[in-house]
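Reader: Please take me through one place in this model where two helices pack together, and then through the parts around it. I am in my first year, so explain each term once as you use it.

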Amino acid sequence: MNQWKIYGILTAVMIVWGFNLASVKYMVAFVDPVTLTAFRILLAGMSVIGILAGFKMLRWPAKSDWKYIFLGSLLNVVAHHYFLSNGLSLTTGSNAGLILGTGPMLTAVLVSLIMRNVPSRLQWLGVVVGFAGVAATVLVGNGAATGLNIGDIFVFLSILAQVLSYIVIANAARSLDPRLLTGYMFIVGATVLFIISLIQEPGEIRAFAAVPTSFWVAFLFSAMLGTAVGHMLYNYSIGQAGPTKAAIFMNLNTVFSLVGASVILNEQITAGHLYGLVLIVIGVLFGSGAAEDLLKKRKKRLSQ
């Protein structure tokens, strides 16, 4: 597919994900996080399978593909969504959106380390600046006196798990369509999350009976568009553009998460949040290697 079409898909996904984050934050006020997530991901998985069946793209994975499906499920679905939903019940949507913005930086550095390429000094500088942005965000959300919120730590663990899953997805894309991988990961992951919910939140299924209509609107948007279509297209883009390039677009997710937190949750976006956003974006540009590539291209043009 044309590279610009991939970039367009990634931009659209980031808009949806930004508002999806605020939707999940809204829903955890009515249903405990793990129970909510199990059913949300199950509906997402069924939606992906249905879409692929409609386009006659559905097939049973090869035996060698299942290791990627199970590992991807544990990282991209169980760990990511478990920590994210629990984190959102304990922190603000704006804080969560900014912390998730460290994804591109973590992706680039982890890919470099796994490929045994030592990150450059500029990349390490990006890591330091990016984490300074996260620290500024955390202090804005909680106040310097209260210290680090456990919800912020959970959100960071969720993005770390997701970043690790992107490396699995990029490897799986060589033999299995990432959109198909997404559907199977959701079904397997939702099953594991449901078992966890029965242990951690027994009887919470009853809470669905008392939720308002607005909850179901948010639930359908989050499960079918934000999670099913969003992850299916994003994982497809990873297979086309690679994990590092695709992750750079998560900067936009950060911006739209702040917009969603303001519009849907009526959270106040302060100057401190904007300072944190600027530091995270600078950290991503350096940490992802994008700034280094631009400097090399500029030197090459000047030397000609």
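Author: The axis of a helix is a line fitted to its C-alpha atoms, over the stretch in contact when two helices meet, and the angle between two axes runs from 0 to 180 degrees between N-to-C directions. A helix is a DSSP run of H or I with at least four residues, a strand is a run of E with at least two, and both are numbered from the N terminus. The model is predicted, with local features taken at pLDDT of at least 70 and side-chain atom pairs at pLDDT 80 or more, while totals for chains, interfaces and linings use all residues. Residues are numbered from 1 along each chain as its sequence is written, and side-chain values use heavy atoms, without hydrogens and water.

Two packed helices are described by the angle between their axes and the distance between the axes. Here the pair is α4, residues 93–100, and α7, residues 150–172. Their axes lie 9 Å apart and make an angle of about 35°. The crossing of α4 over α7 is right-handed, meaning that the near helix is turned clockwise from the far one by less than a right angle (anticlockwise would be left-handed).

The next point is which residues meet, where contact means heavy atoms within 4.5 Å. From α4 come Asn95, Ala96, Ile99 and Leu100. From α7 come Asp152, Val155, Phe156, Ser158 and Ile159. This set divides into 6 nonpolar, 2 polar and 1 charged. In that count Ala, Val, Leu, Ile, Met, Phe, Trp, Tyr, Cys and Pro are nonpolar, Asp, Glu, Lys and Arg are charged, and the others, Gly among them, are polar.

Leucine 84 is a residue of helix α3. Leaving aside neighbours within four places in sequence, leucine 84 touches Leu100 and Ser158, and also Leu21. Leu100 belongs to the α4 side of the packed pair and Ser158 to the α7 side. Leucine 84 has a relative accessible area of 10% and therefore counts as buried; buried means under 20%, exposed over 50%, and partly exposed in between, with a 1.4 Å probe and protein chains only. Leucine 84 and leucine 21 are 63 residues apart in sequence, yet their C-alpha atoms are 9.1 Å apart.

Helix α3 itself has 23 residues. From first C-alpha to last, α3 reaches 31 Å, close to the 33 Å expected; the expected span is 1.5 Å times one less than the number of residues. There is a bend of about 35° in α3 at serine 73, the bend being the angle between axes fitted to the seven residues ending there and the seven starting there.

The loop between α2 (33–54) and α3 (66–88) holds aspartate 65. Lysine 56 is in the loop between α2 and α3 too. Lysine 56 counts as exposed because its relative accessibility is 78%, whereas aspartate 65 counts as buried because its value is 1%. Aspartate 65 touches Arg59, Ser175 and Leu176, not counting residues up to four places away in sequence. Leucine 181 is 116 residues from aspartate 65 in sequence and 8.6 Å from it in space, C-alpha to C-alpha. Lysine 56 is not a glycine, but its phi is positive, near 55°.

Valine 34 sits in α2 and is buried, because its relative accessible area is 1%. Beyond its neighbours within four places, valine 34 has contacts that include Tyr82, Ser85, Asn86, Leu193 and Ile196. Isoleucine 195 is 161 residues from valine 34 in sequence, and the two C-alpha atoms are 9.6 Å apart. Helix α8, residues 178–200, contains valine 192. Valine 192 is partly exposed because its relative accessible area is 28%. Between valine 192 and valine 78 there are 7.0 Å from C-alpha to C-alpha and 114 residues in sequence.

Such pairs suit the count for the whole protein chain: among contacts between residues at least 6 apart in sequence, 89% join residues at least 24 apart. The protein chain has 13 helices and 0 strands. Of its 304 residues, 52% count as buried.

A further helix, α9 (residues 213–241), has 29 residues and should span 42 Å at 1.5 Å a residue; its end C-alpha atoms are 39 Å apart, which agrees. α9 bends by about 35° at serine 222. Glycine 242 follows α9, and its phi is positive, near 90°.
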